[in-house]
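Here are my notes on the model you sent. Please read them with the structure open beside you.

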Amino acid sequence: MTRVVAQGTFDLLHPGHVHYLEDAAAYGDELHVIVARQTNVTHKPKPILRARQRRDMVAALDAVDEAHLGHPEDVFVPVERLDPDVIVLGYDQHHDEAGIAGALDERGIDCRVERATSREPRYDGEVLSSGDIVDRILRRRTADRDGDATDDRP
Ligand SMILES: Cc1cc2nc3c(=O)[nH]c(=O)nc-3n(C[C@H](O)[C@H](O)[C@H](O)COP(=O)(O)O)c2cc1C
Ligand SMILES: Nc1ncnc2c1ncn2[C@@H]1O[C@H](COP(=O)(O)OP(=O)(O)OP(=O)(O)O)[C@@H](O)[C@H]1O
């Protein structure tokens with residue numbers, strides 16, 4: 001039984017997340033997803049939704065066998081508990097494969113590190129970024145409030 005781990009913030013879910021997790025699931029028999037805690041999301045704006053809600057939505061995806069709240073301080077706590085055979089990084093995740101592999105070796109975890117592919121938009125207006133979804137909401141609500149008729153609705 002090959003156990004795969006994927007991870008991420010997964011704030012507002014979109015087809016890019018589905019693609020990533022389906023890519024990851026293809027590396028083994030069961031896919032576990034670690035959902036980032038807000039305190040560990042330091043490389044971009046904090047997520048809008050609470051970690052439990054983000055975990056619950058990820059857990060509902062067909063490709064996912066189980067979703068877990070990440071550890072608030074030590075990102076390797078869930079990895080040591082899950083003891084995966086493969087960790088699949090997202091196509092643009094800011095982690096370095098060699099760095100992760102070295103940290104796994106130090107902890108005696110026999111696990112290889114892979115990287116998923118990206119999913120490109122398939123039609124005009126498809127939004128494949130949580131941050132871009134937030135931006136679109138802000139633009140739309142501001143325009144509605146200001147009675148701005150310029151409608152960018154695709
Ligand atoms: C192997 C691995 C384990 C991780 N474990 C945790 C964790 O336990 N808690 C957490 O808050 N973030 C954890 N993270 C970090 C986030 O899941 C994620 O990598 C980071 O927020 C960037 O993800 P993004 O693609 O959403 O930007 C882990 C990352 C990796 C690569
Ligand atoms: N279009 C996409 N194609 C493939 N993977 C994606 C795509 N969008 C996000 N992912 C992957 O999903 C995982 C979680 O992404 P994250 O939660 O950071 O969402 P995001 O939409 O990338 O957020 P943001 O764009 O606001 O940074 C990451 O590993 C990321 O690589």
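1. Thr9. Start in the loop between β1 and α1, where Thr9 is found. Keep in mind that this is a predicted model. Thr9 has 23 C-beta neighbours inside 10 Å, so Thr9 counts as buried; the cut-off for that label is 20 or more. Leaving aside neighbours within four places in sequence, Thr9 is in contact with Ala36, Val41 and Pro47.

2. The UniProt binding site. An unreviewed UniProt entry places the feature "binding site" at Thr9, Phe10, His14, Pro15, Gly16, His17 and Asp92. Is Asp92 buried or exposed? Asp92 is exposed, because 11 other C-beta atoms lie within 10 Å of its own, and the label applies at 12 or fewer. Asp92 lies in the loop between β4 and α4, the helix at 97-106. So two residues of this annotation carry opposite labels: Thr9 is buried, whereas Asp92 is exposed.

3. The UniProt domain. The unreviewed entry also places "domain: Cytidyltransferase-like" at residues 6-135. Over that stretch the chain is 33% helix and 16% strand. The C-alpha atoms at its two ends are 26 Å apart.

4. The sheet. Five strands form an open sheet with parallel pairing. Their order is β3-β2-β1-β4-β5. β3 (66-69) and β5 (112-115) stand at the edges. Each has a single partner strand, so one side of each is left without a neighbour in the sheet. From one strand to the next, the twist averages 25 degrees.

5. Helices on the sheet. α1 packs on the sheet and touches β1, β2 and β4. The direction of α1 makes about 160 degrees with that of β1. Helix α2 (residues 51-59) also packs on the sheet, where α2 touches β2 and β3. The direction of α2 makes about 170 degrees with that of β3.

6. Inside α1. Which residues of α1 (residues 15-25) are buried? They are Gly16, His17, Tyr20, Leu21, Asp23, Ala24 and Ala25. The buried residues of α1 pack against β1 (3-8), β2 (30-35) and β4 (86-89). Note that Gly16 and His17, buried here, are also among the residues in the UniProt "binding site" feature.

7. Strand pairs. How many bridges join β1 and β2? There are six, and the pairing is parallel. Within this pair, Val5 has His32 in β2 as its bridge partner. β2 is mostly covered, with five of its six residues buried. On the other flank of the order, β4 and β5 run parallel and are joined by four bridges. Val86 stands opposite Arg112 in β5.

8. Glu114. This residue sits in strand β5. Glu114 has 15 C-beta neighbours inside 10 Å, so Glu114 counts as partly exposed. Setting aside neighbours within four places in sequence, Glu114 is in contact with Tyr27, Val86 and Val88. Ala36 is a contact of Thr9. From Glu114, Ala36 is 78 residues away in sequence and 19 Å away in space, C-alpha to C-alpha.

9. Ligand 1. The shell around ligand 1 has 20 residues. Which of them come nearest? Gln7, Thr9, Asn40, Gly70 and Val75 do. β1, α3 (76-82) and β4 each supply at least two residues. The largest share, three residues, comes from α3. By class, the shell has ten nonpolar, nine polar and one charged residues.

10. Ligand 2. Here too, 20 residues surround the ligand. The closest are Gly8, Gly16, Gly90, Ser129 and Gly131. The elements that give two or more residues to this shell are α1 and α5 (130-145). α1 gives the most, with four residues. By class, there are five nonpolar, eleven polar and four charged residues.

11. Linking the annotation to the ligands. Two positions in the UniProt "binding site" feature, Thr9 and Gly16, turn up again in the ligand shells. Thr9 is among the residues nearest to ligand 1, and Gly16 is among those closest to ligand 2. The feature comes from an unreviewed entry, and the shells come from a predicted model.

Conventions
Residues are numbered from 1 along each chain as its sequence is written. Chains are lettered from A and ligands numbered from 1 in the order in which they are written. This is a predicted model: local features need pLDDT of at least 70, side-chain atom pairs count only at pLDDT 80 or more; totals for chains, interfaces and linings use all residues. Two residues are in contact if their C-beta atoms, placed from the backbone, lie within 7 Å. UniProt positions are given in the numbering used here, feature names are shortened, and annotations may be inferred rather than shown by experiment. A residue is near a molecule or strand if its C-beta atom, placed from the backbone, lies within 6 Å of it. Ala, Val, Leu, Ile, Met, Phe, Trp, Tyr, Cys and Pro count as nonpolar, Asp, Glu, Lys and Arg as charged, and the others, Gly among them, as polar. Two strands pair if DSSP finds at least two bridges between them. Axes are lines fitted to C-alpha atoms, for helices over the stretch in contact, and angles run from 0 to 180 degrees between N-to-C directions.
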